[in-house]
Amino acid sequence: MRRIGVVVNPIAGMGGRVGLKGTDGKVAAAQRRGAEPRAPDRAREALEAIGDTDAAVDLLTYGDPMGETVASEAGFDPTVLGEPVDPDATTGEDTRSAVRAFVDAGVDVVLFVGGDGTAVDVATAIDGAGAETPMLGVPAGVKVYSSVFGVTPRAAGHIVATFADTERAEVNDIDEDAFRGGEVVTELRAVATVPVADQRQSAKQRGGGSTETLASAVAEEAEPGVTYVLGPGSTVGEIKSRLGFDGTALGVDVWRDGEVLVADASEQAILDVLGEENVIVVSPIGGQGFVFGRGNQQLSPAVIRRSSIQIVASNRKLDEIGRLRVDTGDTELDESLSGWFRVRVGRYQQRLVEVVA
């Protein structure tokens, strides 16, 4: 029987759709902007996937809101090893305490729900306990730069229930204040033991060749009256420059008829300015291939359903990632986005690439 320790960071990802690019130290700001918890639903998906494997599992977790109820709702009768100091304001120390309890109880793997900051807390607690317990993340945060996550919540659940081997992987985190200012400053924070699995995501990469011709063509073809929702990243950033403005490098900007309608927009701000015809322009994350669900949660299911989609990328980037991925948090939408998609790679050239949920 596999013993799995499950800990949920209940505030993970709350800053994404409201445009905060992270939640570390920004919970109150996210709540003022109307942010809602994302992690419990992601946790439930992962736990249901564990149940679907029919593996013999002994589930251990922490008191609410860090796992107890969501584990029960997913059909488990979990052993609760403790509870957060203040359930209304959980902290990284609560996560570390939960993980130490899991290690003391001899779990075979720790499944955590959160982002890179949560990954650091989990890895730190395991290392501090002198253990080499495997860990795996359910992607729920805004920042998911580390290679210690399943590509989706369901993938993470399936992996922890069925994996046979482990390997070492990097845990990275970024400076959120620099990130909000448009700069990615990554730092290696730990090296962790993780399950070996095809459905574990790669570490995020940056860069990937010249995009000037591609960007110029997209900008020149912008149509009057059409609202363009321009995602983050260097490739789309070049398009923003060609449209005549300094875009938000790691945020979403909305442009129509020569005017920036919203800079560094939240989900609601995007919805407020959408027109009759809307186009989302995004580029996949290098090394991972995600076009929705990583670093651009402002492009929510509600925004996507009101827009057409244009994916742009260099041939080099597509060669590196192979397939594109979506993880919007809406299973029905993810399935509708799956299949073969024409990705623009040059002024005239397009390339068929498979999109998978």
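These are my notebook entries on strands, helices and two threonines in a predicted model.

**Entry 1: the parallel sheet**

I began with the open sheet, which has five strands in the order β3-β2-β1-β4-β5 and parallel pairing. I noted β3 (79-80) and β5 (135-139) as the edge strands, since each pairs on one side only.

I then went through the pairings that involve β1. Five bridges join β1 to β2, and the two strands run parallel. I looked up one register point here: Arg 2 has Val 57 in β2 as its bridge partner. On the β4 side, β1 again pairs in the parallel sense, over five bridges. The register point I took there is Val 6, whose bridge partner in β4 is Leu 111.

How many residues of β1 are buried? I found that five of its seven residues are, so I entered β1 as mostly covered, with buried meaning under 20% relative accessible area.

Next I checked the pairing at the β3 edge. Strand β2 (residues 57-61) pairs with β3 in the parallel sense over two bridges. Leu 60 has Thr 79 in β3 as its bridge partner.

**Entry 2: helices on the sheet**

I looked for helices lying on these strands. Helix α2 (residues 39-52) lies across β1 (2-8), β2, β4 (109-114) and β5. I recorded about 145° for the direction of α2 relative to β4. Helix α4 (residues 92-104) also packs on the sheet, where it touches β1, β2 and β4. The direction of α4 makes about 170° with that of β1.

**Entry 3: α2 against α6**

I turned to the contact of α2 with helix α6 (residues 153-162). Their axes are 7 Å apart and the helices pack at an angle of about 40°. Why do I call α2 and α6 oblique to each other? Angles under 35 degrees count as roughly parallel and those from 65 to 115 as roughly perpendicular, so about 40° falls in the oblique class. I entered the crossing of α2 and α6 as right-handed.

I listed the residues that meet. From α2 they are Arg 42, Glu 45, Ala 46, Glu 48, Ala 49, Ile 50 and Asp 52. From α6 they are Pro 153, Arg 154, Gly 157, His 158, Val 160 and Ala 161. Sorted by class, this contact has six nonpolar, two polar and five charged residues.

**Entry 4: α8 against α9**

I repeated the exercise for helix α8 (residues 212-220) and helix α9 (residues 234-242). Their axes come within 8 Å and cross at roughly 50°. The α8 and α9 pair is therefore oblique, and the crossing is right-handed.

On the α8 side I noted Glu 212, Leu 214, Ala 215, Ser 216, Val 218 and Ala 219. These meet Thr 235, Glu 238, Ile 239 and Arg 242 in α9. By class I have five nonpolar, two polar and three charged residues in the contact of α8 with α9.

**Entry 5: two threonines**

I followed up Thr 235, which is found in helix α9. Is Thr 235 buried or exposed? Its relative accessibility is 7%, so Thr 235 counts as buried. Leaving aside neighbours within four places in sequence, I found Thr 235 in contact with Thr 211, Leu 214, Ser 283, Val 312 and Lys 317. Leu 214 is one of the α8 residues listed in the previous entry.

I then looked up Thr 90, which lies in the loop between β3 and α4. Thr 90 has a relative accessible area of 14% and is therefore buried. With neighbours within four places in sequence again left aside, the contacts of Thr 90 are Pro 10, Pro 65, Met 66 and Pro 84.

**Entry 6: the antiparallel strands**

I finished with β8, β9 and β10. Strand β8 (residues 227-230) and strand β9 (residues 253-256) run antiparallel and are joined by three bridges. I noted that Leu 230 stands opposite Asp 253 in β9.

β9 also pairs with strand β10 (residues 259-262), in the antiparallel sense and over three bridges. Here Val 254 stands opposite Val 262 in β10. What does the hairpin of β9 and β10 have between the strands? I found two residues there, and Asp 257 takes a positive phi near 50° in this hairpin.

Note on methods: Residues are numbered from 1 along each chain as its sequence is written. This is a predicted model: local features need pLDDT of at least 70, side-chain atom pairs count only at pLDDT 80 or more; totals for chains, interfaces and linings use all residues. Side-chain values use heavy atoms; hydrogens and water are left out. Two strands pair if DSSP finds at least two bridges between them. Helices (H or I, at least four residues) and strands (E, at least two) are DSSP runs, numbered from the N terminus. Axes are lines fitted to C-alpha atoms, for helices over the stretch in contact, and angles run from 0 to 180 degrees between N-to-C directions. Angles under 35 degrees count as roughly parallel, over 145 as roughly antiparallel, 65 to 115 as roughly perpendicular and the rest as oblique. A crossing is left-handed if the near helix is turned anticlockwise from the far one by less than a right angle, and right-handed if clockwise. Contact means heavy atoms within 4.5 Å. Ala, Val, Leu, Ile, Met, Phe, Trp, Tyr, Cys and Pro count as nonpolar, Asp, Glu, Lys and Arg as charged, and the others, Gly among them, as polar. Buried means under 20% relative accessible area, exposed over 50%, partly exposed in between (1.4 Å probe, protein chains only).
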